Every structure is written in structure tokens, then in C-alpha cells.
Amino acid sequence: MKPVSGDRWRGVIERAWRPAALLVACLAIWHLITVTGLVEAYLVPSPGKTFDLLVDKWSYLWGHTWVTTYETILGFVIAGVLGVLMAVAMVYSRTIESTAYPILLFAQVIPKIAIAPLFVVWLGFGFEPKVIVAVLMAFFPVVISTVTGLKSVDTEMLELAATMGGGPVKTFVKIRFPAALPHLFAGLKVAVTLAVTGAVVGEFVGSNEGLGYVILQANGNMDTPMLFAGLIVISLVGILLFLLLDLAEQLMLPWHASRRGAAVTTLLAKGGS
Amino acid sequence: MSVTLGTTTSAVAIDDVSVRFQSKRTEVTAIQQVSLDVAPGEFVSIVGPSGCGKSTLLKLVSGLLKPSSGSVTLLGEEVRGPRHDIGFVFQRAALLEWRSARRNILLQAEMRGMNPAEAGKRADELIEMTGLSGFENALPHELSGGMQQRVALCRALLHQPRVLLMDEPFGALDALTREQMNVELHRVWRETGTTVLLVTHSIAESVYLANRVIVLTQRPAVVKEVIDVDLPSERDYSETMARPAFSSVTAHIRDLLGAVTGHD
Ligand SMILES: Nc1ncnc2c1ncn2[C@@H]1O[C@H](COP(=O)(O)OP(=O)(O)OP(=O)(O)O)[C@@H](O)[C@H]1O
Ligand SMILES: [Mg+2]
């Protein structure tokens, strides 16, 4: 139950106007920079020109957007599943934890952009190397957050579970895993934005489709409007996936969301609170 | 203290138990050669200075902790690991924040694989009995501290345990709610006939509720004195407080604790 709230739309407006105003201000500054000729037009295209291009080349961009989104989601899902399994194994086994942690850390600190070419050599120019880079990027935050979540359970709660005699499986399903979900979701949200980066990095290294490819092509042709358009679309993909996860969190963990305060979708879904 | 099988079996028998905690450099003896017998259906309060080993004692009885020496027998069976035939209430309610009050109570049934229909009926009875009606579907953060503690109590009673262990269950409550909870707990105990071990810091609470009060010393805890509470088994709260027997017993316990904490 929430405290009684006022008109839903007034709440949305009250919360949304600041970020919206900031966005408008940024666009205005961008526009001014290009109009005044402070920066040459071939270096930074005007917002108007960029948006015209977004509209004109809509179907071209859409095809590539879909490729990148597909690689991102696939990489994210694989990283999510593997990351959670890994975290569970690490929390329940000291041996696995101490064995896997150094390797995990090593895999994390290795620059993905540096190993991406290797995957191209091994797997060719298809979607596989991009997915692998996305997985590598997204895996670590999922593992870390899930481990933190699973370890955050009250010892008293676990002791209580021991006196209830449900066994480790029931304790995990009914107590440990649900308790870890808020942390898990925090990790997933970081992971999904990293998965986008991973997919684009994979495309940079060797590809003939996807937004990374679009940007690289535009770069080669000095086509800065297209470059900007590509950047904007990549950001939108990341933001959209992030919001979807935020929404999923709201739906799955209403008990948590109601206490966590406003995230973007809280604001849209609930208005005032 | 040997325990014989049969009708005279103690509900809880603690026999010459010591507990030592080993940390990196130091060794702490929390409990030293404590022996204690609790009869079935008896209500025993345990008081003692902070950090003396009261929680440790309850964990021994529940099997969450193994004694360094000595043995604990619960319902005629030696305690070797976590026991399932008890109910446990901690100082903090320890509720699952994503479950409603009623579903928190039913966690007990789910973990044990009890018949859901029967468990549901029993949960409703307990909710009614502890005055939680109307809040069945509230989440823990929507409940007051006293209500949360009632939920924890219901959860501990759901499977009708023969032994109930309570570790400062009302420590976080205000004085008035605490009195109400005392009265309720007293009634629950009389109605269910459960054996209760209650750890508390409140001398009045320990006397009002119990048949016997165990006073422990400063760590390492040994039993300083066992006090029989000579009050009628049905106890009205304010009437009990006004009895001379009540005030003399509480004064005596206060002396004992003062003596315990006053020196060294
Ligand atoms: N797991 C542990 N490891 C090491 N020392 C411990 C452990 N548990 C308890 N102790 C020590 O044993 C002693 C008794 O602890 P216990 O929690 O039983 O005290 P208590 O009587 O319940 O205190 P309080 O009234 O403050 O709750 C304390 O000195 C504590 O530091
Ligand atoms: Mg304690």
C-alpha cells in the first residue's frame, strides 16, 4: 500500500520536467554550436540534419539496429543464465569460489576490444563473435551482484530455515534466491548496457552489419550525420533495454520497488507516489 | 543428568554443557558447565547480563550450535544437529519482506511440507488469536514492530511445536505493546501447553510469564540461581504486578543481577 497519491499525470509531469528540460537544453546547445559555426559542420552536424537523416535512412538503420539488438539480447541472456549459475555455485562451494574468482577477475580485466579479433579469427564474421563479446562484458556484473545478493540473506533467517527442516533446495527457492533478486536486478541492469557495448565492439572488429558497422562505415566516409545517428540509435537501444528490465523488476518485486524510490518506470507507471 | 524415557522425560535437559568460541587469537568461554532440566509444559525464563551466553544457550537447545562438551537432550532425544521439533522466535522478527503476514506464517508449513489446507486453517486461527486479523495480506514493512513480532510468533507456533524457544522476542517493542504481548504469550502458553524457554532482559517479564526463572552470571555463564515463581498459573497482568510475591521475586532477581554485573 502506498500513501494516497494525487493525480497520476501531474506526478509524471512533476518528476519528468527536469530531465526533459536538461535534454532540451543539451539539444539547444548542440544546435547553437552548429548554427554559430563555432565548430565546422562536417565535424559536428546540426541536430536538425541528424534527425532528418534518422528519418530518411529509417529502414537502413532499422535493419542494422535489429542485428545489434539481437546480438545484445542473446549475449545478455546467456550471460544472465551463466552468471547466476556461476554465482550459485560460488556461494555454495568455497572450493569453486576460490578457484573461479581469479579467473573471473582475469576475464574481466582483459580488454574485450583486444580479444575480440581473436573471436573473429575463430568464428568468422557472423553474429557469434559479437555475442561472445557481449557475454564477456555482461557476465561479471551478473556474477558479482548475484553473489552479493545470495550472501546478503540474514543468518537468522537461514537458522530459522534450518529449524524448519526444508532442506537446502527449499531454502534456496523460498528464501535465498528471492532475497537475492534486488541485487540480481541491479546487476542485470548494468549488464544489459554493457552487452550493448559488447555487441558494438564485436561489430567494430569484423562485421558487415549492425550499428557498429554503420558507425565504422560512416567514419570511413566522413559521414558525421550518419555517425551521430548511429550513436543516438545505440543509446536508444541501451536505454530501452534498461527500461524493460526496470519494468520487469517493478512487476516481479513490487515489495522492493515500493521502497526503493523512483526509477524512471516508477515515475511513468505510478505517477505520484 | 540422565533422561529416562516415559512420561517423566524432561522436555529439555542440558547436561554439564560448556561452549567455547575459538577466534583468531582468543578463546571465549561463553557457557561453563551449565545443567538445566525443563519439564514438559513448563515456562522457563532465562535472565543474565548482556553477552553472557543466553542466545548461545537457546542455539544449543535448537541444535544450531554444538556444545564443546556435555550434552543436550530435547524431547528424549540427544541434540546432534538442527532440530525440527521446535519453534524459534528471534529478537528481530526475521520476516521475508516479499511475503504477506499470512504467507510468512505459512513459510513454516511450506518448508515442512505440511498439508496446505490444514496449515491455512491453523494459520487463520493463530492470526485470530494474536489479533492480526485484517493484516493477513500486509507486507512486513507495512506492519508495526509489535505486529511483525506477532507474525514471527504465529510462524513459530504453526506446526504446534512441543518446545518454543524465544530469544528476547519483545526487546524492540515499546513498554505498552510489550505488556500486551506478554499477556498474549501467557494466554497462548496456557492454551497450547507448549514448553517455553524465554530469554529476556526484562525482569518483570521473566517473572510474570514463568514457572521458573534461571539467573545466569557474567560470562562464562554459569547458573547463579534458579528461582521458583510462586504465582497462580492464570495471571492477570496488573493484579500480578501488585502481588507481594511478585515484587519480592523481582527484587531478588534484581539483586542477583546487580551483584552479578556490579563486580568484575
Ligand atoms: N559465533 C561466535 N563466535 C565467537 N564468539 C561468539 C559467537 N557467538 C557468541 N559469541 C560470544 O559468546 C558470548 C555470548 O554470546 P551470546 O550471544 O550468547 O550472549 P547473550 O547472552 O545472548 O547476549 P545479549 O543479551 O547481548 O543478547 C559473547 O561474549 C559473544 O561474544
Ligand atoms: Mg542474545
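Here a student and a tutor talk through a predicted model and the terms used for it.

Tutor: In this predicted model, local features need pLDDT of at least 70, side-chain atom pairs count only at pLDDT 80 or more, and totals for chains, interfaces and linings use all residues. Residues are numbered from 1 along each chain as its sequence is written, chains are lettered from A and ligands numbered from 1 in the order in which they are written, and side-chain values use heavy atoms, without hydrogens and water.

Student: Why is Thr130(B) called buried?

Tutor: Buried means under 20% relative accessible area, exposed over 50%, partly exposed in between (1.4 Å probe, protein chains only). Thr130(B) has 1%, so Thr130(B) is buried.

Student: Where is Thr130(B), and what is it in contact with?

Tutor: Thr130(B) sits in the loop between α3 (116-129) and α4 (145-157) of chain B. Contact means heavy atoms within 4.5 Å. Leaving aside neighbours within four places in sequence, Thr130(B) is in contact with Arg150(B), Cys154(B) and Glu184(B).

Student: Why does His31(A) count as partly exposed?

Tutor: His31(A) has 40% relative accessibility, therefore it is partly exposed. His31(A) belongs to helix α1 (residues 8-35) of chain A. Helices here are DSSP runs (H or I, at least four residues).

Student: What makes the pair Ser55(B) and ligand 1 a polar contact?

Tutor: A polar contact is a pair of N or O atoms within 3.5 Å; within protein, one must be able to donate a hydrogen and the other to accept it, and residues adjacent in sequence count only if both atoms are side-chain atoms. An N or O atom in the Ser55(B) side chain is 2.6 Å from an oxygen atom of ligand 1. For Ser50(B), a polar side-chain atom lies 2.7 Å from a ligand 1 oxygen. For Glu168(B), the value is 3.2 Å.

Student: How much of ligand 1 does the protein bury?

Tutor: Taken alone, ligand 1 exposes 630 Å², and the protein buries 62% of that. Those areas come from the Shrake-Rupley method with a 1.4 Å probe; for residues, only the protein chains shown count as cover.

Student: What makes a nonpolar core?

Tutor: It is a set of buried Ala, Val, Leu, Ile, Met, Phe, Trp, Tyr and Cys residues joined through side-chain atoms within 4.5 Å. The largest one has 89 residues, and those with the most contacts inside it are Val12(B), Ile14(B) and Leu197(B). Helix α8 (residues 167-205) of chain A gives the largest share of this core, 13 residues.

Terms used
Helices (H or I, at least four residues) and strands (E, at least two) are DSSP runs, numbered from the N terminus.
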